[in-house]
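Work through the exercises below with the sequence and the model open. Each task is followed by a solution in steps.

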Amino acid sequence: RLCCLDCCIKCLGGVPYASLVATILCFSGVALFCGCGHVALTGTVKMLENHFSHISSDHATLIDVVQVLQYIIYGIGSFFFLYGIILLAEGFYTTSAVKEMHSEFKTTVCGRCISAMFVFLTYILGLAWLGIFGFSAVPVFLFYNMWTTCVAMKSPIANLTSVDNICVDVRQYGVIPWNAEPGKACGQTLADICNTSEFYLSYHLYIVACAGAGATVIALIHYLMILSANWAYLKGACQQTHDYQDIKTKDDAELQDVQSRSKEGLNSYS
């Protein structure tokens, strides 16, 4: 039992908990962004077709763009699932290297180059996800404007003017062309749109997708700190190992020199 307990403690000690937390956060963020973003885009197209663009040719370009974005989402999800596993495996490798560097385990130049490559790639991906995070905030802003307009119609201030004069024109955002009909919704029609399941679900899914993108950015920053620290630590450990080997080589040479001199002295005495 003691042997099994010691083995379990040793295994738990080799787990890279920081990389594990970053991987879980990365997987969660990417899953939220991809899943919620995919469904939200589908709901947005359905809402536009039902209320803002009745002619299919007017929003054909938008449908093509949405399909491209959905395929990109598939690629992002697949890539980061694999990349997260690779970074977690790299964390296990680095943890093992650090814990066993004083024994027979030695880090190689290739391993340190791979760690440096992951640092650079994670930095680039972090910048890319910052852009994705900003892009995902755009539909949240558009839906928020529409929702606040619907709320404003229910306020006492709205009674001072005609409710039918309060409109939301999606054509001004470049979502659909200016010749699309009707292109805008006013008054009670707008209020009814805000109460539809397409609007309500898409709005909240865009918020969750934006939060998922933000969580992914945090996870990549976490990864970047871990990778940079591990690379620097391995580089220092390797340098210490080289210094130790140099000192040991000099000591062995001096010892051999002393032994050879002693033998020469004994031979001359005899």
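**Exercise 1: An aromatic pair in helix α6**

Tyrosine 203 counts as buried, at 10% relative accessibility. Buried stands for under 20% relative accessible area, exposed for over 50%, and partly exposed for what lies in between (1.4 Å probe, protein chains only). The model is predicted: local features need pLDDT of at least 70, side-chain atom pairs count only at pLDDT 80 or more, and totals for chains, interfaces and linings use all residues. Residues are numbered from 1 along each chain as its sequence is written, and side-chain values use heavy atoms, with hydrogens and water left out.

Task: Is phenylalanine 199 buried or exposed? Describe its position relative to tyrosine 203.

Solution.
1. Phenylalanine 199 has a relative accessible area of 2%, so this residue is buried.
2. Phenylalanine 199 and tyrosine 203 are four residues apart in helix α6 (residues 197–269), about one turn of the helix. Helices here are DSSP runs (H or I, at least four residues), as strands are (E, at least two), numbered from the N terminus.

**Exercise 2: Tyrosines in helix α3**

Task: How many aromatic pairs does the count give? Classify the pair of tyrosine 71 and tyrosine 74.

Solution.
1. Rings of Phe, Tyr and Trp (its six-membered ring) pair if their centres lie within 6.5 Å; planes under 30 degrees apart are stacked, over 60 edge-to-face, and the rest tilted.
2. This rule gives 14 aromatic pairs.
3. Tyrosine 71 and tyrosine 74 make an edge-to-face pair, with 5.9 Å centre to centre and 75° between the planes.
4. The two tyrosines, 71 and 74, are separated by about one helical turn because they are three residues apart in helix α3 (residues 60–99).
5. Tyrosine 71 is exposed, with a relative accessible area of 58%, while tyrosine 74 is partly exposed at 44%.
6. The pair of phenylalanine 199 and tyrosine 203 is stacked: 6.0 Å centre to centre, 25° between the planes.

**Exercise 3: Annotated spans**

Task: Where does UniProt place the feature "transmembrane region"? Find the end-to-end distance of residues 71–93 and of residues 205–226.

Solution.
1. The unreviewed UniProt entry places this feature at residues 20–41, 71–93, 114–144 and 205–226. UniProt positions follow the numbering used here, feature names are shortened, and annotations may be inferred rather than shown by experiment.
2. For residues 71–93, the end C-alpha atoms lie 33 Å apart, and the span is 100% helix and 0% strand.
3. For residues 205–226, the end C-alpha atoms lie 31 Å apart, and this span is also 100% helix and 0% strand.
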